[in-house]
Amino acid sequence: MKYISLNSLPARHNCRFLPLIFAIVGGTELAQAKEIYIQPSISLQAEYDDNKRLSTERFSAIDTSAYGVITRAGAKVGMRSSQYDLEVNNQLIINRYESEFDLDSEDLNLDLTAGYNFSPKSRVGLSANYIRNTTLTSELDGDNGTGLVQDNIIRQQWSITPNWSYSLSNTQFLQTSYTHSETTYEESERGSFVDYTIDNISLSFRQQWTPLFSNNISITAMSFDIPEIGDFPFQSSRETTEYSINIGAEYEISPTWSTSLTVGQRFTNTETTQFVNTPLEQTISDDVQGLIFAFSLNKKFEAGSAELSYSRSTSAQGNGQLQVSDVMSANYRYSYTQNLQFSIAGSLNDQSTSGSEDDGNGRTSFNISPSMRWRIDRQASLTAAYRYRKQTFESNDDEAASNSISLNFNYQWDKIKTQRY
């Protein structure tokens, strides 16, 4: 989904954005806040990666290695009472690399969550997010991969999600939400990314049959809009609408075992409108139905935990296509002592473009990352990690692999709070 860059909004919207949010969560009651708090944090990470961009083997003659220092500074700021809560989580990330490639960037993440209890049964919430980063961090390192990133393009995202939850009874719960998001990319001669907008609305119902077993049903509708691609006479636009219905269940098998399963059907329509060397429009429609699902299995140990999951889902991508992802992931954590913890996480992701015909743009990616975390004291920790990534493209069998090691120091101050405003 997309997140908004306040810089991309007109100035008159910038100055009204935060006051509007405060008003929604009860700005007139802020003077009655029971608790106001701030919790800053900072981390420094040294990293070496022998192929940061995941360049394919045809670039083997080029030195793809990079040494980098990543600085992250952030703070959680919020206020809450028995009737409402509001929190803003800000983070600035500065990436500096010694490399033949353009890898430097200054990234910004802003997250806001707020809620207001109208009654013991009814709650209204609001979440908003703004991200400014680059395609290197969002499309390649993130979850929205589109393949080989050809340029380090600045990317801005914003989203806003109002939601409402209502307790029909002690065992029956209703929830609905709406999300609007927009993503924009800076122009690049070599870039293949397009701006897009997403609107998503969902309605879900959950029944808690016993303390150990519950099931749910949800209905969602999504619109993925690409307003403009290319220049006349090769200009086109694309709009994808998707409806889905899902049925799921959660069950606590024992005090140490739990599982969940969701199965659904999606109905996707994509309409592409294009000019063919004339001012006349030509529209091509493509309808697809498919299975979507999510399964997870969790195990708690005396000194650790493990999780296994497998899912199939769709997501909008920066290349203008709706992507189908089959993801299998696993992670394991074990605490040797109270201050020393080992963890390992890995995933296998098979990605293809949603459509009635295979366009040959599928790819498979794999990553695994063991790490060791030493908790120095209540506030500071040190983490050493190794990560291996591999990516294979379906169309030409091109492969790319990456090995990286990192050492990260993190310091989080105690929460500074007050009971008086």
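The legends below accompany several views of a predicted model.

**View 1. The whole protein, with its two helices and 19 strands.** Of the 421 residues in the protein, 36% are buried, and the accessible surface comes to about 23000 Å², with 54% of that surface belonging to carbon and sulfur atoms. Among the contacts with a separation of 6 or more, 58% are between residues 24 or more positions apart.

**View 2. The largest nonpolar core, made up of 11 residues.** Its members are Ile153, Tyr185, Phe193, Val194, Tyr196, Ile198, Met222, Phe224, Ile226, Ala316 and Leu322. Two or more of these residues are given by each of the strands β8 (196-208) and β9 (213-229), and β9 contributes the largest share, three residues. Another core, of nine residues, lies apart from this one and includes Met79, Tyr84, Leu86 and Ala114.

**View 3. The surroundings of Leu322, a member of the largest nonpolar core.** Leaving aside residues up to four places away in sequence, Leu322 touches Met222, Phe224, Thr240, Glu242, Thr268, Thr314, Ser315, Ala316, Ser352, Thr353 and Ser354; among these neighbours, Met222, Phe224 and Ala316 also belong to the core.

**View 4. A nonpolar patch on the surface, with about 740 Å² of accessible area together.** The patch is formed by Leu261, Val263, Leu291, Phe295, Leu308, Tyr310, Met328, Leu348 and Phe366, and at least two of its residues come from each of β11 (257-275), β12 (281-301) and β13 (304-316). Leu261, which is found in strand β11, has a relative accessible area of 42% and is therefore classed as partly exposed, a category lying between under 20% for buried and over 50% for exposed.

Terms used:
Residues are numbered from 1 along each chain as its sequence is written. This is a predicted model: local features need pLDDT of at least 70, side-chain atom pairs count only at pLDDT 80 or more; totals for chains, interfaces and linings use all residues. Side-chain values use heavy atoms; hydrogens and water are left out. A nonpolar core is a set of buried Ala, Val, Leu, Ile, Met, Phe, Trp, Tyr and Cys residues joined through side-chain atoms within 4.5 Å. Buried means under 20% relative accessible area, exposed over 50%, partly exposed in between (1.4 Å probe, protein chains only). Helices (H or I, at least four residues) and strands (E, at least two) are DSSP runs, numbered from the N terminus. Contact means heavy atoms within 4.5 Å. Patches are made of residues with over 30% relative accessible area and no salt bridge: like charges are joined within 9 Å, nonpolar side chains (Val, Leu, Ile, Met, Phe, Trp, Tyr) within 5 Å. Accessible areas come from the Shrake-Rupley method with a 1.4 Å probe; for residues, only the protein chains shown count as cover. A salt bridge is a side-chain nitrogen of Lys or Arg within 4 Å of a carboxyl oxygen of Asp or Glu.
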